[in-house]
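Got your viewer open? Load the model, pick a colouring you like, and let's walk through it stop by stop.

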Amino acid sequence: MRIWATHLDTQSQSWSNIAPPSCHQTHPGYNCVWLEIKGNTTRDAWRFSTTVNGEQSVMTTSPCTLLRWCVESWAIWRPSPGLRLLSMAKEKFQEKNLEPGPIWFDNLHCTGQEKTLSQCPSNGIGVSDCKHSEDVGVVCSDKRIPGFKFVNTLPNHVENLDIQVEDVHIRPILSSYRKRIPVTEGYVEIKDGGKWKQICNTQWTQFNSRVICGMFGFPAERKYNARVYKMFARRRKPSYWDFSVNCTGNETHLSSCRLGQAVSLKSNDTCADGMPVVVSCVPGRAFAPASVTGFRKAFRQEQALVRLRGGAIVGEGRVEVLKNGEWGTICDDKWNLASATVVCRELGFGTAKEALSGGRLGQGMGPVHMNEVACTGFEKSITECPFNKEIVDCSHEEDAAVRCNVPAMGFQDRLRLSGGRNPYEGRVEVLVEKNGSLVWGTVCGGGWGTMEAMVVCRQLGLGFASNAFQETWYWPGQVSADAVVMSGVRCSGTEMSLSHCLHHGEHISCAKGGGRHAAGVSCSETAPDLVLNPQVVQETTYMEDRPMFMLQCAYEENCLASTSSQVPANSYRRLLRFSSQIHNNGQSDFRPKANRESWVWHDCHRHYHSMEVFTLYDLYSLNGTKVAEGHKASFCLEDSECDEGIEKRYECANFGEQGITVGCWDTYRHDIDCQWVDITELKPGDYIFQIVINPNYEVPESDYTNNIVKCRCRYDGHRVWMYSCHNGGSLSTETEQTFPGLLNNQVTHR
């Protein structure tokens, strides 16, 4: 079957071809039958063409119709276990003035084992009472589906040679490697015709090993003891694959390599004075064996010049580079897999699975350091790659991101969610060793919070946490797993596995027990990301002397220093005032943790409090001692302003819904109550001013490191100056260390 598409821009009324290889380039290893839709999908039409058994069909359609067609066709050839329903807006059809097609299925009930949707029970094909406002779509799991084809470059140019293999892996041979996780050394084996076969090493190169290690999540290859493997090959005669592989070394996956010469085999048990291919890979430090020797031999980043931010799992995120002591992003112009792979290897991961553009993993703040990056794939650092120094028309809407191959650690096999309404929620159950056997059990709900839930969702590959639950009586899990097997869990939020977090170990202590009081989570593929604009803080700071009798409401909200309770009503308080502008640069709206029914009405200010503490304001001396503080309850979360093209969704008036929409910001003006720090007793001198948003991690975010702003502050007793304001983590480590207080809002130990 052949498949291609042409794209109609309704403004220019011109069609342009979309090349089928784009899918294979962005998702190596997939037998792709879908096409990535680029451009303005709210106005553009698509013409989709197929050739089946020599007959061509053409369909002009909207992206929604295209997605429905692709999903059904994809299920015929490659049923995918990881599907997620999406709602499709009716307005998309109306905007393109295209007539929607028929609705073929309603009330589908699939078990997951069917090969096509038509095999699932339903109302019947074409029997439906649905409207197109109820159309659904799917997003398939990004896990590699076994089976890929090699590019044929045999010298006789035989056409239609279909060399397709089912899978590839590294099989540990030596006993010292068989129990190691991850597998870093062993035979390279290809599954062909249902059997695992070795590759003859007579035409194998170091470039091939580089690609194999990269696709399995390792940044580099290393030498191994060939003598031991020769002895092993003599004792057990291998079964060889019929072909060789020819990689250039900058491929991201073995399926992108060219097919080499057919190997001359003798009775399929030897390969002309050769032996089976062996690779030995260097793991990144995060995946190194637990021993001191293994950690010492692991790959290490020479200089911290690149980092990832905003990703849900290890090995993905927005790419940021350090230049002139300040972290900035990369513009996505000409961003591709070769450049993304350089970033991944530099950070101790393997090759890149995806090179993402358009701020897909959240938008950064600060400068854009690089544009039109053009790496060959062999550079040691992204900073060595050629790039265009002219950053013209590049905004953070074009921030580049990556998803890297990481080693298979098996963490997801030791954790599960049970009893939920969908795979993204449920009671947390862990697999532990007890009395010599592995048993499933629950986690104590006492002290369970957002950071612990974040680790669970990451470990299962389900994205970010959306809620953490200390009671799960409404989710009946496995009865055999009711017993508590883990308690006292405290995570920093960055761990790859729940077992890496602090916990009580074998001495379980859980006052309420498991069962209905076990810990639970709900996960989401997206999360908000609040970032405070430091420039607004710096430009709006001033000082005010305000009489105490005008601060009664602020006094009731604990917005004044503790000494204010001991002064007469006709005295004054000296207030350090400023405005704060809080942006949501994430991928989903920021909503208060509490639902509106539990918001507290404050009669003094005539408004509702939706969060107990939303921001903290502190002044530190230069040696790190806190000398003044303030806090602001979230009296209202709303969209004050939004980027162009984004509509406001949240407002405080009339008991409206509270929140901050993606691409919008909430401004707390300097002239509202509690938007200050009480500095009445402060002595003149130099200080550090610090603001922390969402300090108690009540609402999950994709990145907590940028929730803090720090400024230098000078007070002479009569005037105040604020300067050098910046977001936490936006400067180099050396510069950050000159600012006392928190480095950022990411906890490292709890």
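In which sense do strand β18 and β22 pair, and over how many bridges? Select residues 316–323 for β18, then add β22. The two strands pair in the antiparallel sense over three bridges. Keep in mind as you go that this is a predicted model.

**Stop 1: around β22**

While you're here, show side chains on β18 and β22: Glu316 stands opposite Arg403 in β22. Now add residues 352–356, which make up strand β20. β20 and β22 also pair in the antiparallel sense, over four bridges. One spot to zoom in on is Ala355, whose bridge partner in β22 is Val402.

Next, look along β22 and check which way its side chains go. Ala401 and Arg403 point one way, Val402 and Cys404 point the other way, and all of them are buried.

**Stop 2: helix α6**

Jump to residues 226–235, helix α6. Which of its residues are buried? Pick out Tyr229, Phe232 and Ala233. Turn the view so you look down the helix axis: the buried residues fall within an arc of 100°, so they line one face of α6. Now colour Arg227, Arg234 and Arg235, the exposed residues on the face turned away from that buried side.

What does the buried side pack against? Select α4 (175–178), β11 (185–192) and β16 (278–282), and you have the elements that the buried residues of α6 pack against. Before you leave, go to the start of the helix: a side-chain oxygen of Asn225 reaches to within 3.2 Å of the backbone nitrogen of Arg227.

**Stop 3: the disulfides**

Show every cysteine as sticks. How many disulfides does the count come to? The count is 12. Here are some to visit.

- Cys375 and Cys385: their disulfide has an S to S distance of 2.0 Å. With 110° about the S-S bond, the link is right-handed. Cys375 and Cys385 are 10 residues apart, and each sits in the loop between β21 (368–370) and β22 (401–404). Cys375 is buried, as is Cys385.
- Cys444 and Cys510: the sulfur atoms of this disulfide are 2.1 Å apart. The torsion about the S-S bond is about 80°, so this disulfide is right-handed. The pair links distant parts of the chain, 66 residues apart: Cys444 is in the loop between β25 (437–443) and α9 (450–459), and Cys510 is in the loop between β27 (484–486) and β28 (520–524). Cys444 and Cys510 are buried.
- Cys491 and Cys501: the S to S distance here is 2.1 Å. The torsion is about 105°, so the disulfide is right-handed. Both cysteines lie in the loop between β27 and β28, 10 residues apart. Both are buried.

Now select Cys713. Why is there no bond to Cys711? The sulfur of Cys713 is 8.3 Å from the closest cysteine sulfur, in Cys711, which is too far for a bond. Cys713 has 2% relative accessibility and counts as buried. Cys130, on the other hand, is partly exposed, with a relative accessible area of 26%.

**Stop 4: the cores**

Switch to spheres for the largest nonpolar core, which has 31 residues. Start with Val428, Val443, Trp448, Val456, Leu498 and Val521, the residues with the most contacts inside it. Which elements give two or more residues to this core? They are β23 (415–419), β24 (425–434), α9, β26 (464–469), β27 and β28. The largest share, six residues, comes from α9.

Centre on Leu498 and look around. Beyond its neighbours within four places in sequence, its contacts include Leu415, Val430, Trp448, Met486 and Cys491. Apart from this core lies another, of 30 residues, among them Phe578, Tyr617, Leu619 and Leu637.

**Stop 5: a four-stranded sheet**

For the last stop, switch back to cartoon. Four strands form an open sheet in the order β29-β32-β38-β37, with antiparallel pairing. Which are the edge strands? Select β29 (530–532) and β37 (641–642), which each pair on one side only. Then add residues 664–668, strand β38, which runs antiparallel to β37 and is joined to β37 by two bridges. Finish on Cys642, whose bridge partner in β38 is Cys664.

Conventions: Residues are numbered from 1 along each chain as its sequence is written. This is a predicted model: local features need pLDDT of at least 70, side-chain atom pairs count only at pLDDT 80 or more; totals for chains, interfaces and linings use all residues. Side-chain values use heavy atoms; hydrogens and water are left out. Buried means under 20% relative accessible area, exposed over 50%, partly exposed in between (1.4 Å probe, protein chains only). The arc is that of the directions from the helix axis to the C-beta atoms. Contact means heavy atoms within 4.5 Å. A polar contact is a pair of N or O atoms within 3.5 Å; within protein, one must be able to donate a hydrogen and the other to accept it, and residues adjacent in sequence count only if both atoms are side-chain atoms. A disulfide is a pair of cysteine sulfur atoms within 2.5 Å. Two strands pair if DSSP finds at least two bridges between them. A nonpolar core is a set of buried Ala, Val, Leu, Ile, Met, Phe, Trp, Tyr and Cys residues joined through side-chain atoms within 4.5 Å.
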